[in-house]
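This briefing is meant to be read with the sequence and the coordinates side by side. It covers strand pairing, ring geometry, backbone conformation and model confidence.

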Amino acid sequence: MRHRARRVLAAGLGVLVAGALTCTAQAAPSQQAQQGQQGQHGQQAQQIRQDFNGDGYQDLAIGAPGKYGEETSTGYVAVTYGSASGLRTAGKTVIEQNTPGVPGASELGDQFGYRLVGGDYDGDGFTDLVVVSPGERFDDPDGSDPGGWGSVTLLWGGANGLSGQGAKLLSTGVQDNYRYGHHVYAGDYNGDGGQDLLVSRGGDHGFAVLQGPFTRSGEPADITPVELGNLESSVPSVIVGDLNGDGADDVVVCQSFEESSELSRLFMGGPGGLTFERTLPYAATGAVGDFDKDGYGDLAYRAVTGLYEELPYDPGTVKVSYGTASGPGTRTATFTQNTSGVPGTSEADDQFGGTLSAGDANGDGYADLAVGVPYEAVGTAKAAGATVLLKGSSTGLTGAGAQAFHQDTAGVTGVAEQGDHFGSAIQLMDYGADGKADLAASAPGENDSSGAVWSLPGASGSLTATGSFSFGPAALDAWWGTNVLGASFGGSAYAPLWGPD
């Protein structure tokens with residue numbers, strides 16, 4: 001029997017972006033230096049900007065939505081802020097639906113924090129945060145509500161960080177919105193420099209682009225419906241990033257139909273918005289980064305090598321299609337845990353590539369790729385989880401010098417235990433503004449599913465466990481329980497994760 005109850009882990013992610021690879025807030029000096037290094041074909045893919053208080057340091061938004069499909073918690077969002085010494089928990093912010101200014105009320109099963117998408121939606125220089133609550137229920141006149149309509153809340157950033165003050169519910173203008181906002185992705189799809197939102201409208205209404213800038217009443221500049229998938233196909237995930245160096249974000253739509261995977265669909269961004277270009281290989285999730293520093297975003301994705309429903313039992317394969325002026329080109333690479341230099345061994349159920357995030361961990365100008373292996377066994381601890389770092393180079397990603405981290409790695413706090421799922425949400429982001437991306441990794445199964453988050457610093461050689469630390473709900477002054485802290489990170493790719501219990 002296949003169990004999808006673990007899909008709560010799917011909220012993680014993220015480079016992103018699948019997430020937008022655009023600068024959405026004031027850049028710290030090191031970020032400005034990175035932006036100045038442009039390829040001859042256009043601007044290089046940038047790290048996600050997520051600076052809620054505008055101090056020049058990137059911040060981390062963390063979702064604790066509760067277990068998917070279980071009405072045992074209400075959900076909350078926590079923000080930990082960057083600083084000269086990296087990520088810190090001092091001065092953190094915790095927001096739930098009972099926070100003053102946030103619409104609605106905290107109710108069991110709301111799953112507030114299931115998806116988090118950062119962006120400067122009103123253009124004031126502070127990153128804002130979109131929060132999805134798939135279990136939010138509204139009045140249903142005929143009493144036939146099958147389990148929640150869903151809501152999308154926009155929280156505003158400011159000089160004091162993220163706040164509930166003035167928060168607004170977003171709408172796409174349709175009423176039949178069951179599962180509204182199950183998919184939300186930030187990006188600049190028309191290349192005008194503003195931050196847009198690609199949102200699933202719910203029901204049978206497909207997707208729409210909510211074009212920025214947004215007013216403080218939550219109104220977008222325009223709403224444009226867009227058909228991303230084939231008829232009758234499901235969309236498990238979307239990958240966003242600039243794949244041809246033209247300054248507009250492009251979209252790769254992962255597809256499935258019942259138990260089978262469908263070819264992905266490539267939509268190119270531009271002045272007219274998203275336009276279908278062509279199909280791409282089968283994929284479940286992905287990230288975009290310039291791994292060979294040629295000015296084009298490269299597409300890294302978790303390959304679907306068999307039936308889609310067999311993903312939970314897959315050892316895992318990551319493929320890369322290198323970017324060109326026309327988007328993903330013919331030059332490719334394939335990585336598994338059997339690739340030379342990559343730590344570990346490909347084993348059933350590992351799900352190598354279950355989550356992906358791109359960023360420059362050693363400051364050499366080449367994007368690296370963090371690869372989540374959330375069901376990796378560590379010793380005898382099944383599904384304890386791990387994260388592998390593949391390094392970029394002049395020839396692109398390579399297995400040479402790859403690193404693996406888990407809770408039994410020397411210098412990393414904690415103990416690898418069965419069902420922790422370390423690496424379920426991952427993000428490479430420069431929290432210390434030193435030009436080297438740090439790794440945030442979650443283990444939502446930690447401590448009976450209360451969850452925890454780790455931060456590992458970037459360094460001149462690569463990621464290091466030296467100076468790493470972890471924190472759980474207690475450090476955030478948040479509540480314990482089955483909230484699965486770290487089920488989602490802001491700005492990370494949605495990853496359709498589930499697996500054997």
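**Strands, rings and loops in a predicted model**

Ala-441 stands opposite Trp-454, which belongs to strand 26. The model is predicted, and the protein chain averages a pLDDT of 86, with 86% of the residues scoring at least 70. The points below start from the strands around that residue pair and then turn to aromatic rings, a buried aspartate and backbone conformation.

**Strand 25 and its partners**

- Strand 25, which covers residues 438–442, is mostly covered, since five of its five residues are buried.
- Asp-438, Ala-440 and Ser-442 point one way from strand 25, whereas Leu-439 and Ala-441 point the other way, and all are buried.
- Strand 25 pairs with strand 26 in the antiparallel sense over four bridges, and strand 24 and strand 25 also pair in the antiparallel sense over four bridges.
- In the pairing with strand 24, Leu-428 stands opposite Leu-439 of strand 25.

**Aromatic pairs**

- The count of aromatic pairs comes to four, where a pair requires ring centres within 6.5 Å.
- One of them joins Phe-267 and Phe-276, whose ring centres are 5.5 Å apart; their planes stand at 65 degrees, and because an angle over 60 degrees counts as edge-to-face, the pair is classed that way.
- The two members of this pair are covered to unlike degrees: Phe-267 is buried, with a relative accessible area of 3%, whereas Phe-276 is partly exposed, with a relative accessible area of 36%.
- The rings of Phe-422 and Trp-454 have their centres 5.3 Å apart and their planes at 75 degrees, so this pair is edge-to-face.
- The Phe-422 and Trp-454 pair links distant parts of the chain, 32 residues apart, with Phe-422 in the loop between strand 23 (398–405) and strand 24 (426–429) and Trp-454 in strand 26 (residues 453–456).
- Both Phe-422 and Trp-454 are buried.

**Charges over rings**

- Arg-216 lies over the face of Trp-156, at 4.3 Å from the ring centre.
- The charged end of Lys-293 sits over the ring of Tyr-366, at 4.5 Å from its centre.

**Asp-292 and its surroundings**

- Asp-292 is found in the loop between strand 16 (283–289) and strand 17 (298–303), and with a relative accessible area of 8% it is buried.
- The side chain of Asp-292 makes a polar contact of 2.5 Å with the side chain of Arg-331.
- Leaving aside residues up to four places away in sequence, Asp-292 touches a set of residues that includes Asp-298, Tyr-322, Arg-331, Tyr-366 and Ser-393.

**Backbone conformation**

- Most residues other than glycine have a negative phi, and most peptide bonds are trans.
- Lys-293, in the loop between strand 16 and strand 17, has a positive phi of about 55 degrees although it is not a glycine, and it is partly exposed, with a relative accessible area of 33%.
- Ala-383, found in the loop between strand 21 (368–373) and strand 22 (386–391), likewise has a positive phi of about 55 degrees without being a glycine, but Ala-383 is buried, with a relative accessible area of 13%.
- A cis peptide bond with omega of about 5 degrees joins Gly-212 and Pro-213, and Pro-213 lies in the loop between strand 10 (207–211) and strand 11 (222–226).

**Confidence**

- pLDDT stays under 50 over residues 1–47, for which the model has 180 contacts beyond four places in sequence.

Definitions and conventions
Residues numbered from 1 in each chain as written. Predicted model: local features only at pLDDT ≥ 70, side-chain atom pairs only at ≥ 80, totals over all residues. Heavy atoms only, no water. Phe/Tyr/Trp six-rings, centres within 6.5 Å; stacked < 30°, edge-to-face > 60°. Buried < 20%, exposed > 50% of the residue type's maximum accessible area, 1.4 Å probe, protein only. Helix = DSSP H or I, 4+ residues; strand = E, 2+ residues; numbered from the N terminus. Lys NZ or Arg CZ within 6 Å of the ring centre and 35° of its normal. Pairing = 2+ DSSP bridges. pLDDT = per-residue confidence, 0-100. Contact = heavy atoms within 4.5 Å. Polar contact = N/O pair within 3.5 Å; in protein donor to acceptor, adjacent residues only side chain to side chain.
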